[in-house]
Amino acid sequence: MVDEEKLEQEKIEESQKEMAEEQEAIAKREIPQLSDEELDNVADTAIDYIQEIVSNFNLGEITINEYEGADKELILDINGNDLAILIGKHGATLDSIQHIVGVLSYKKLGFYYPVVIDVEGYKSRQRIKLENLAKNLANRVARNKKPYSMHPMNPFKRRIVHTYLSSDDRVETHSEGEGRNRHLVITPK
């Protein structure tokens, strides 16, 4: 029994590593220029998949607001009652939904376009927290003149910090590690 549990845990860890590597590759792609009609098709495709997934949670009526993000990504924000289950612990369920919708949309459309799935502004709040953390760590690194290694983060979160600190002329950032251990290092210039 213990061997079966260990094997199952290894399968889960391998799957998570593959998912992190795929998200990393996706995060590095350039955003294609799309017409309004093509962008509507991307949104409709992603929304259809979101509704199909969310229907399995029996959450009642939801709405999905659609808008463009600061990095030209398409943001789809799910709103309704008692949606915490869609976020999950530390956003893990939301990250999984994001991944599934991204892969299915890519397979259907034949190209990648960045779509961020949010639940009642959860990722927006996380972005603000990450940007504040990045600012504080950049101040610390600039003051102490010593690099700082952040805890491992998924590609979405690393990209937020990279982007936020790219305009700070006192520090620079790079990623180190692999899979679930990939993390950001902030170094003085």
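In this predicted model, the side chain of aspartate 118 has a polar atom that lies 3.3 Å from the backbone nitrogen of serine 124. Aspartate 118 itself sits in strand β3, which covers residues 115-119.

Is aspartate 118 buried or exposed? It is buried, and yet it has no salt bridge. The nearest side chain of opposite charge belongs to lysine 123, at a distance of 6.4 Å. A salt bridge, as counted here, requires a side-chain nitrogen of Lys or Arg within 4 Å of a carboxyl oxygen of Asp or Glu.

Lysine 123 leads us to the next topic, the cavities. Rolling a probe the size of a water molecule over the atoms reveals where empty space remains. The structure holds 2 cavities of 30 Å³ or more, and I shall discuss the second largest, which encloses about 60 Å³ of space.

Which residues line this second largest cavity? They are His90, Gly91, Asp95, Tyr122, Lys123, Gln126, Asn154, Phe156 and Lys157. Sorted by class, the lining comprises 2 nonpolar, 4 polar and 3 charged residues. Two helices, α5 (122-144) and α6 (155-165), each supply at least two residues of this lining. Helix α5 gives the most, with 3 residues.

Let me turn, finally, to α6. At the start of this helix, asparagine 154 places a side-chain oxygen within 3.1 Å of the backbone nitrogen of phenylalanine 156. Both asparagine 154 and phenylalanine 156 also belong to the cavity lining just described. Within α6, the buried residues include Pro155, Arg158, Ile160, Val161 and Leu165.

How values were computed: Residues numbered from 1 in each chain as written. Predicted model: local features only at pLDDT ≥ 70, side-chain atom pairs only at ≥ 80, totals over all residues. Heavy atoms only, no water. 1 Å grid on protein atoms, 1.4 Å probe; cavity = no way out; pocket = protein on both sides within 12 Å on 5 of 7 lines; lining within 4 Å. Points joined across faces, edges and corners; volume = space filled by probe spheres on them. Helix = DSSP H or I, 4+ residues; strand = E, 2+ residues; numbered from the N terminus. Nonpolar A, V, L, I, M, F, W, Y, C, P; charged D, E, K, R; others polar. Buried < 20%, exposed > 50% of the residue type's maximum accessible area, 1.4 Å probe, protein only. Lys, Arg positive; Asp, Glu negative; His and termini not counted. Polar contact = N/O pair within 3.5 Å; in protein donor to acceptor, adjacent residues only side chain to side chain.
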